[in-house]
Amino acid sequence: MPIPVIDLSKLNGEEQAKTMAQIANGCEEWGFFQLVNHGIPVELLSKVKRVSSECFKLEREENFYKSSTTVKQLKELIDKKKGEKLENVDWEDVFLLSDDNEWPTNTPGFKETMLEYRKELKKLAEKLMEVMDENLGIPKGYIKKAFNDGEEEKAFFGTKVSHYPPCPHPEMVNGLRAHTDAGGIVLLFQDDEVEGLEILKDGKWIDVQPIPNSIVINTGDQIEVLSNGKYKSVWHRVNAKPNQTRRSIASFYNPSFDATIAPAPQLVGEGNNGEAHGEQGYPQFVFGDYMSIYTEQKFLPKEPRFQAVRAV
């Protein structure tokens, strides 16, 4: 059962209503969908693939196998010959790109390419938020304004560059443990050849099929709250693989740590247009408080996180 694939180029044409409905379905029924013809140049995506892979080879791979805690723990477990599984670590090399942290410096063209890519992804995220505003029946710009705490450019936009190297015993460790994402909208440029990402749908784990040059979209916990549960954040995980390195570049548009998050008032009770909605199903909280809880409970059920932040 493949996750929805949506042609975003039809958003501004005769099939606009159909495309809006497809995005609504992707948010409501799946929490994950793939975009094709999204407007990000294929040439740029090709450069992103190249520089990220080169960066891993030049600056990351050797250190992963030499110094990674996960590699050491897996070796110790193999030596014990007990057939157990490592449950509290991930077989993942990962680093974060943001506007104010240190970037890799030894890979030619890396910073220039990723700066351009992040600029394009941020525009796409803001475009999708406006589509969600309209589909939810809330004012245009509502989600962006909420994430920015009412001001321009306070939201956090980060990019997580991950590689999942070949694992000698993939049955003994996760590539990335199952979790939901804490923030707003996640835009994933995943490997177009090596599978591994799965989502939990109707109690079953299903593959997010690789499609060349697509962008995978998923909604995080804060979109679930703002939509008063109409859109859900979805459990997902990555499986380790024995023979191939899987690349994964996830960009996320998250609220400012100072932002106050709560269900949009239009989606509580009768709302502003008389349409019946449920009661307010989520507390109001400051995103930074939520992240303090999430950091400790990322791989645990999300509902207790909402209860814990209610207490804060």
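Throughout this tour, a residue is buried if its relative accessible area is under 20%, exposed if it is over 50%, and partly exposed in between. Keep in mind that what you have open is a predicted model.

**Stop 1: the whole chain**

Start zoomed out, in cartoon view. You should be able to pick out 8 helices and 14 strands in the protein chain. The radius of gyration is 20 Å, close to the 20 Å that the globule rule gives for 312 residues, so the chain is as compact as a globular protein of that length. If you draw a box along the principal axes, the C-alpha atoms fill roughly 65 × 45 × 40 Å.

Now colour by accessibility: 52% of the 312 residues count as buried. A contact map is worth a look too. Take the contacts with a separation of 6 or more, and 79% of them are between residues 24 or more positions apart.

**Stop 2: down at strand S1**

Select Val5, which sits in strand S1 (residues 5–7). Is Val5 buried, partly exposed or exposed? Its relative accessibility is 40%, so Val5 counts as partly exposed. Show Phe33 as well: it is 28 residues from Val5 along the chain, yet their C-alpha atoms are separated by 6.0 Å. Leaving out residues up to four places away in sequence, Val5 touches Gln34, Val36, Gln209 and Ile211.

**Stop 3: salt bridges**

How many salt bridges does a search of the whole structure find? The count is 22, and a few of them make good stops.

Select Asp93 and Arg60, whose side chains meet in a salt bridge at 3.0 Å, N to O. Asp93 belongs to strand S4 (residues 93–97) and Arg60 to helix H2 (residues 42–67), so this pair ties together parts that are 33 residues apart in sequence. Asp93 is at 7% relative accessibility, so it counts as buried. Arg60, at 24%, counts as partly exposed.

Next, pick Arg118 and Asp99, another salt bridge, with the closest N and O atoms 3.0 Å apart. Here too distant parts of the chain are linked: Arg118 is in helix H4 (residues 110–136), while Asp99 is in the loop between S4 and H4, 19 residues apart. Turn on a surface and check the two ends. Arg118 is buried at 5% relative accessibility, whereas Asp99 is exposed at 69%.

Then go to Lys154 and Asp149, which pair up in a salt bridge at 3.5 Å, N to O. Lys154 is partly exposed at 29% relative accessibility, and Asp149 is also partly exposed, at 30%.

One last selection on this theme: Lys10, Glu15 and Lys18, which are linked in a network of salt bridges.

**Stop 4: the largest pocket**

Rolling a probe the size of a water molecule over the atoms shows where empty space is left. In this model, the largest pocket holds about 700 Å³ of space.

Which residues should you select to land at its centre? Of the 32 lining residues, Lys160, His179, Asp181, Phe252 and Lys298 lie nearest the centre. By class, the lining has 19 nonpolar, 7 polar and 6 charged residues.

To see what builds the wall, colour by element of secondary structure. S4, S5 (156–164), S6 (173–179), S7 (185–190), S11 (236–239), S12 (246–254) and helix H7 (287–297) each supply at least two residues of the lining. The largest share, 5 residues, comes from S12.

**Stop 5: along S12**

Stay on strand S12 and select Ser248. Its relative accessible area is 8%, so Ser248 is buried. Show what surrounds it, leaving aside neighbours within four places in sequence: Ser248 is in contact with Lys160, Val161, Ser162, Tyr164, Leu188, Phe189 and Gln190. Lys160 should look familiar, as one of the residues nearest the centre of the largest pocket.

**Stop 6: helix H7**

Finish on H7, another contributor to the pocket lining. Which of its residues are buried? Select Phe287, Gly288, Tyr290, Met291, Ile293 and Tyr294 to show them. What do these buried residues pack against? Their partners are S6, helix H6 (221–226), S12, strand S13 (260–261), strand S14 (285–286) and helix H8 (303–311).

Terms used: Residues are numbered from 1 along each chain as its sequence is written. This is a predicted model: local features need pLDDT of at least 70, side-chain atom pairs count only at pLDDT 80 or more; totals for chains, interfaces and linings use all residues. Side-chain values use heavy atoms; hydrogens and water are left out. A salt bridge is a side-chain nitrogen of Lys or Arg within 4 Å of a carboxyl oxygen of Asp or Glu. Helices (H or I, at least four residues) and strands (E, at least two) are DSSP runs, numbered from the N terminus. Buried means under 20% relative accessible area, exposed over 50%, partly exposed in between (1.4 Å probe, protein chains only). On a 1 Å grid over the protein atoms alone, a cavity is a set of points where a 1.4 Å probe fits but cannot get out, and a pocket is an open set with protein on both sides within 12 Å along at least five of seven lines; lining residues have an atom within 4 Å of a point. Grid points are joined across faces, edges and corners, and a volume is the space filled by probe spheres set on the points. Ala, Val, Leu, Ile, Met, Phe, Trp, Tyr, Cys and Pro count as nonpolar, Asp, Glu, Lys and Arg as charged, and the others, Gly among them, as polar. Contact means heavy atoms within 4.5 Å. The radius of gyration is taken over C-alpha atoms; the globule rule is 2.2 Å times the number of residues to the power 0.38.
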